[in-house]
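Reader: Could you show me the structure and walk me through the reasoning behind its labels?

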Amino acid sequence: MAKSKRSIPEINAGSMADIAFLLLIFFLITTTMANDQGILNILPPKIVGEPPVIKERNVLKILVNANDQILVEDKIYMNLDDLAEYTEKFIMNNGVDENLSVSPAAAVISLKNDRGTSYNAYIKVQNELRKAFNKLRNQLSQDRYGANFDALPESKQDKIIEALPQRISEAEPDNVGGDL
Amino acid sequence: MSKFKSRKGKEMPGISTASLPDIVFMLLFFFMTVTKMRSTEVMVKLKVPKASEVTKITDKKLVHYIYLGEPTDRLKATYGTGTRIQVNDAFILKSDIPAFIETERAKMPEYKKNQIITALKSDAKVKMGIISDIKKQLREANQLKLMYYTNKKTSKN
């Protein structure tokens, strides 16, 4: 009974690729790449006590109505493309123009919309405001530390934020345009 | 005498496919690791707006989603065409939002409870009225970190 010399037959691995392909295609289809991104917003806490009094000139009033039109300071109709530029001018006024802010640290942006304003228009306006702030913060970071804001360590970022706080306050919406 | 031998009868050598499984397996493992199974089925028509000044969220576990929009064509007959709020797998009312936040908070360990982020995935056509109401409810629940979920738009300059 000399069976010990018999070789074991090899397993055919030819179909391995097919099986792997099948699995691969399944995962390819079901995969959703991680891309959680958006405009981060910190809501104000529930109101306790009187709101602080802010000087008129330090407030940039922006109203987006139910037709998605933008009105600035109750008198200027503005295109979306001009909004970032105007905001920058308002923040970096440093007391020069008597209708604009006293200093970047004192500037407040008051954003008001209608219940009928579209979400798309609202996001676009928010985006423009943030664009203005990000640009100014980057400029200041470059001047002070020679690097962009995002590249700075946290302690330096805090100083920039202190000089250029991003204060966007949102008022209760009007209901001229109506819901839905 | 002829220098050139007739090629007739000779076959091209086949390309070895022995390493094909290895390559495919490599790809397979890549996709297996990056895949995150979609846990909820979105029941609203969703076309989120675009924005350029976005923040990326690195810790996915902190995020929970609120979907907002018109019910999909399949669900139109049952739920109508008005804007609906969806969380997890069901439509809810505005007034249910604080309870939803509370359940999300309960899932988190103690030290992370105040870091959770609400991501609002809303259709671009939704009116701000309902979004204001949702924001009010979130403030009611003391959930102040809100992210407007957007797609990336490359800025012009």
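Author: Happy to; what follows takes a few labels in this predicted model and sets each against its cut-off.

Reader: Why is helix 1 of chain A called roughly parallel to helix 1 of chain B?

Author: The two helices, residues 16-30 of chain A and residues 20-34 of chain B, pack at an angle of about 25°, with their axes 9 Å apart. Angles under 35 degrees count as roughly parallel, so helix 1 of chain A earns that description relative to helix 1 of chain B. The crossing of this pair is left-handed.

Reader: Which residues make that contact, and what classes do they fall into?

Author: Chain A's helix 1 brings residues including A:Phe21, A:Leu24 and A:Phe27, and chain B's helix 1 brings, among them, B:Phe25, B:Leu28 and B:Phe31. By class, the contact has 16 nonpolar, no polar and no charged residues.

Reader: What makes strand 1 of chain A and strand 7 of chain B a pair?

Author: A pair needs at least two bridges. Strand 1 (residues 37-42) of chain A and strand 7 of chain B have 5 bridges, in the antiparallel sense, so they qualify as paired. Within strand 7 of chain B, B:Tyr148 stands opposite A:Ile39.

Reader: How do you know that B:Pro98 is partly exposed?

Author: B:Pro98, in helix 3 (residues 97-106) of chain B, has 15 other C-beta atoms within 10 Å. Buried takes 20 or more and exposed 12 or fewer, so a residue in between is partly exposed, and B:Pro98 is given that label. Leaving aside neighbours within four places in sequence, B:Pro98 contacts B:Gln137, B:Glu140 and B:Ala141.

Methods. Residues are numbered from 1 along each chain as its sequence is written. Chains are lettered from A and ligands numbered from 1 in the order in which they are written. This is a predicted model: local features need pLDDT of at least 70, side-chain atom pairs count only at pLDDT 80 or more; totals for chains, interfaces and linings use all residues. Axes are lines fitted to C-alpha atoms, for helices over the stretch in contact, and angles run from 0 to 180 degrees between N-to-C directions. Helices (H or I, at least four residues) and strands (E, at least two) are DSSP runs, numbered from the N terminus. Angles under 35 degrees count as roughly parallel, over 145 as roughly antiparallel, 65 to 115 as roughly perpendicular and the rest as oblique. A crossing is left-handed if the near helix is turned anticlockwise from the far one by less than a right angle, and right-handed if clockwise. Two residues are in contact if their C-beta atoms, placed from the backbone, lie within 7 Å. Ala, Val, Leu, Ile, Met, Phe, Trp, Tyr, Cys and Pro count as nonpolar, Asp, Glu, Lys and Arg as charged, and the others, Gly among them, as polar.
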